[in-house]
Amino acid sequence: MSDKKPIYVTQPLMPDLQDFLPYLEEIWENKILTNGGPFHQQLEQALCDYLGVKHICLFTNGTLALITALQALRITGEVITTPYSFVATAHSLLWNGIKPIFVDIDPLSLNMDPARIEAAITPHTTAIMPVHCYGRPCDVERIEKIADNYGLKVIYDAAHAFGVRHKGSSVLNCGDLSVLSFHATKIFNTFEGGAIVCPDAKTKQRIDHLKNFGFVDEVTVVAPGINGKMSEINAAFGLLQLKGIDAARLQRRAIDGRYRERLAAIAGIDCLPAGEEESANHSYFPILVKEAYGTSRDALFQLLRDENIYARRYFYPLISDFPMYRSMPTAAHSNLPNALQASRQIICLPIYPGLDLDQVDAICAIVERHAQAGLTP
Ligand SMILES: Cc1ncc(COP(=O)(O)O)c(C=O)c1O
């Protein structure tokens, strides 16, 4: 065991506490704690401006936002989704009584493979729920085409995709709805939090009703809504956090670049292809540990732990391997070979603002030291 200070896969971006106090004083002064208060309204506007989207509905967390997004579009029956994600993606379907239909991922992007979607469509299919895994955009054009051809809705789980752009516009504008997470581990956090991005005012209004028990006014309830409202403390923190987000992104970009440089020559360690610099958010730094490396993924994972480096195996196990999913026909390993392989090879290395390049070098040195085949010539 190392006596070095632990390095976790991420560390939340925390503004100066002094800078948060005026926000708290304002809340204490006006005594509005929740229910769409002033900070909630300001954060919705600030996020629309920053992200380049039309409407946003803030939530308590990303999971409730996913569950509500499905309700908002009245999705039922079967939804095509990816097994290579955080469990909340598929759980949101089960919470709505919807059957997840798992399709395999593309081995290069690790996002849902659009070529597999059509074969998974049945008369019960109503929507597709892809994930922009690690904040890397899905093949949104092909997915849109299939959805249009078959009259399906598309709800993106965009929990990783804060600030990501695709072909000059926010990737959050793709599909019918996109869902963000502002969990503490995400690049933009409100301690806990989430949001639905939607294209029109009418849908926003429906979602705003749904996240507030279905209330339209004091005496009118139009739907069996839930309590998904973001509190004023979380919204205020988000406003402050937004001020530091561009600087944080630049630091992440530098770390991403350093990893790529240092790991490039190690046989059997593959970085995912770099996205466009300006469009990416560098929220994760995934590597695939392949056979040529000589040391297994799990052995490397443990060797890093022994040195107090807490990398994570996102996403292992596959969602489809958890007990509530594994008996479903589409959860069969034979249906998901690429996802299975990725889940056995993946390690996400630490990346966060404040991780300095010397620490990145030290992590890379461990990876290099355990390469059995050594460096490529
Ligand atoms: C892909 C994905 N979907 C959904 C969620 C759920 O978001 P939350 O933790 O805000 O409920 C997360 C992360 O936590 C996630 O990584």
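Hi everyone, let's start at a small backbone detail: K31, just after helix α1, takes a positive phi of about 60 degrees. Please keep in mind that what we have here is a predicted model.

Now the helix before that residue. α1 covers residues 17-30, and at 1.5 Å a residue its 14 residues should span 20 Å; the end C-alpha atoms are 21 Å apart, which agrees. Is α1 buried or in the open? The number of buried residues among its 14 is 0, so α1 lies largely in the open.

Let's turn to α3, which tells the opposite story. Here 11 of the 11 residues are buried, so the rest of the structure largely encloses this helix. The buried residues include G62, T63, L66, A69 and A72. And what do they pack against? Their partners are the strands β2 (55-59), β6 (153-157), β9 (177-181) and β10 (194-198), together with the helices α4 and α7 (201-210). After α3 comes R74, which also has a positive phi, near 55 degrees.

That brings us to the nonpolar core. The largest one has 102 residues, and those touching the most other members are A69, V79, I155, V179, A195, I196 and V197. α3 gives the largest share of this core, 7 residues. The core also draws at least three residues from each of the two domains, domain 1 (17-243) and domain 2 (245-369). If you'd like one residue to click on, try I155: leaving out residues up to four places away in sequence, I155 touches A69, L70, L73, A127, M129, G175, D176, L177 and V179.

Next, the ligand. There are 14 residues around the ligand, and G62, T63, F86, A159 and S181 come nearest. Which elements give two or more residues to that shell? They are α3 (62-72) and α4 (88-94). By class, the shell has 4 nonpolar, 9 polar and 1 charged residue. G62 and T63, by the way, are also among the buried residues of α3.

Last, the two domains. Their C-alpha centres lie 25 Å apart, and 31 residues of domain 1 are in contact with 28 residues of domain 2. On the domain 1 side, the elements giving two or more residues are α4, β4 (99-102), β7 (165-166) and α8 (232-243). That side has 19 nonpolar, 7 polar and 5 charged residues. So α4 turns up at the ligand shell and again where domain 1 touches domain 2.

Thanks, and I'm happy to take questions!

Technical notes:
Residues numbered from 1 in each chain as written. Predicted model: local features only at pLDDT ≥ 70, side-chain atom pairs only at ≥ 80, totals over all residues. Near = placed C-beta within 6 Å. Helix = DSSP H or I, 4+ residues; strand = E, 2+ residues; numbered from the N terminus. Nonpolar A, V, L, I, M, F, W, Y, C, P; charged D, E, K, R; others polar. Domains from an automatic or database assignment. Contact = placed C-beta atoms within 7 Å. Expected span 1.5 Å × (residues − 1). Buried ≥ 20, exposed ≤ 12 C-beta atoms within 10 Å, placed from the backbone. Core = buried A, V, L, I, M, F, W, Y, C linked by C-beta atoms within 7 Å.
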